[in-house]
Amino acid sequence: MLAAMKTNFNCIHQATIMNRRVRVLARHVAEELQAGGSVLDVGCGDGTIAQSVMALNPSLRYQGIDVFLRPRVAIPAAAYDGATIPFRDGAFDWVTIVDVLHHTDDPGRVLGECLRVARNGVVVKDHLREGFAADATLRFMDWVGNRGHGVRLPYNYLSAEEWRAIISANGAYRASWKTALGLYPPPFSLAFDRGLHFVGTIRKG
């Protein structure tokens with residue numbers, strides 16, 4: 001009975017949340033990468049988002065890395081240690097890092113590594129710890145989205161001020177910053193959108 005309930009929950013979550021999330025995130029990321037070129041996707045997961053971005057902009061060429069490399073990935077991918085990106089300075093036109101930095105112990109250091117290997121900029125999708133019960137809401141979303149995937153959950157969410165601080169500490173600036181993403185359909189959007197997410201392009205100053 002419990003197994004059946006879990007299966008039904010996973011199916012509903014996939015149909016109502018995850019499929020839409022991939023589609024909407026791909027559109028936002030593709031808008032930031034209109035210039036085309038080579039892209040390193042840090043924390044690429046199964047590569048579904050990168051694949052969807054390339055479908056919107058075929059001029060992009062993706063390579064992925066992840067600390068936990070899945071058996072099947074939709075893009076070329078390799079494992080890495082989560083600390084040092086195994087590529088030379090400026091190896092890629094762009095870096096994307098989607099819902100990854102809040103899973104790290106030191107988001108500023110990881111962002112610095114992304115900036116090091118990116119010639120044009122780093123496209124970041126992550127969370128904002130702002131507003132009523134933001135931390136509890138983000139923890140719930142993280143648990144639902146990542147259970148069963150072996151993903152670390154340190155729940156390391158940053159406020160808008162903390163994001164500004166780590167960007168500045170890396171000698172970079174926000175070239176774009178968008179919080180109205182529309183990731184969730186009504187009525188879930190009332191609880192789970194409301195400025196808790198952003199997509200932004202970070203460039204070296």
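Lys and Arg count as positive here, Asp and Glu as negative, while His and the chain ends are not counted. The model is predicted: local features need pLDDT of at least 70, side-chain atom pairs count only at pLDDT 80 or more, and totals for chains, interfaces and linings use all residues. Residues are numbered from 1 along each chain as its sequence is written, and side-chain values use heavy atoms, with hydrogens and water left out.

**Exercise 1. Count the charges of the chain and locate their centres.**

Step 1. Place each charge at NZ of Lys, CZ of Arg, CG of Asp or CD of Glu.
Step 2. Count the side chains: 23 are positive and 19 are negative.
Step 3. Compare the centres of the two sets: they lie 5 Å apart.

**Exercise 2. Describe the fold and the overall size.**

Step 1. List the elements. Helices (H or I, at least four residues) and strands (E, at least two) are DSSP runs, numbered from the N terminus. The chain has 6 helices and 7 strands. Their order from the N terminus is α-β-α-β-β-β-α-β-α-α-β-α-β.
Step 2. Box the chain. Along the principal axes, its C-alpha atoms fill roughly 55 × 35 × 30 Å.
Step 3. Test the radius of gyration, taken over C-alpha atoms, against the globule rule: 2.2 Å times the number of residues to the power 0.38. For 205 residues, a compact globule would be near 17 Å; the chain has 16 Å, so the two agree.
Step 4. Look at contacts (heavy atoms within 4.5 Å). Of those with a separation of 6 or more, 72% join residues 24 or more positions apart.
Step 5. Find the buried share. Buried means under 20% relative accessible area, exposed over 50%, partly exposed in between (1.4 Å probe, protein chains only). Buried residues are 46% of the 205.

**Exercise 3. Which residues does the salt bridge of Asp99 tie together, and where do they lie?**

Step 1. Recall the principle. Side chains of opposite charge can pair when their charged atoms come close.
Step 2. Apply the cut-off: a side-chain nitrogen of Lys or Arg within 4 Å of a carboxyl oxygen of Asp or Glu. The structure holds 10 salt bridges.
Step 3. Find the partner. Asp99 pairs with Arg21, at 2.5 Å from N to O. Asp99 sits in the loop between strand S4 (92–98) and helix H3 (107–117), and Arg21 in helix H1 (residues 2–32), so the pair ties together parts 78 residues apart in sequence.
Step 4. Check burial and neighbours. Both Asp99 and Arg21 are buried. Arg21, Asp99 and Lys125 form a network of salt bridges.

**Exercise 4. Analyse two salt bridges within helices.**

Step 1. Take helix H3. Glu113 and Arg116 lie there, 3 residues apart, about one turn of the helix. Their salt bridge spans 2.9 Å, N to O. Glu113 is buried at 12%, whereas Arg116 is partly exposed at 23%.
Step 2. Take helix H5 (residues 160–169). Glu161 and Arg164 are also 3 residues apart, about one helical turn. Their closest N and O atoms are 3.0 Å apart. Glu161 is partly exposed at 48%, and Arg164 is partly exposed at 38%.

**Exercise 5. Find unusual backbone geometry.**

Step 1. Recall the background. Most residues other than glycine have a negative phi, and most peptide bonds are trans.
Step 2. Inspect the peptide bonds. Pro186 and Pro187 are joined by a cis bond, with omega about 0°. Pro187 is in the loop between strand S6 (172–178) and helix H6 (188–192).
Step 3. Inspect phi. Ala133 has a positive phi, near 50°. Its loop runs between strand S5 (118–127) and helix H4 (134–146).
Step 4. Repeat for Arg194: phi is positive, near 30°. Arg194 lies in the loop between H6 and strand S7 (197–204).
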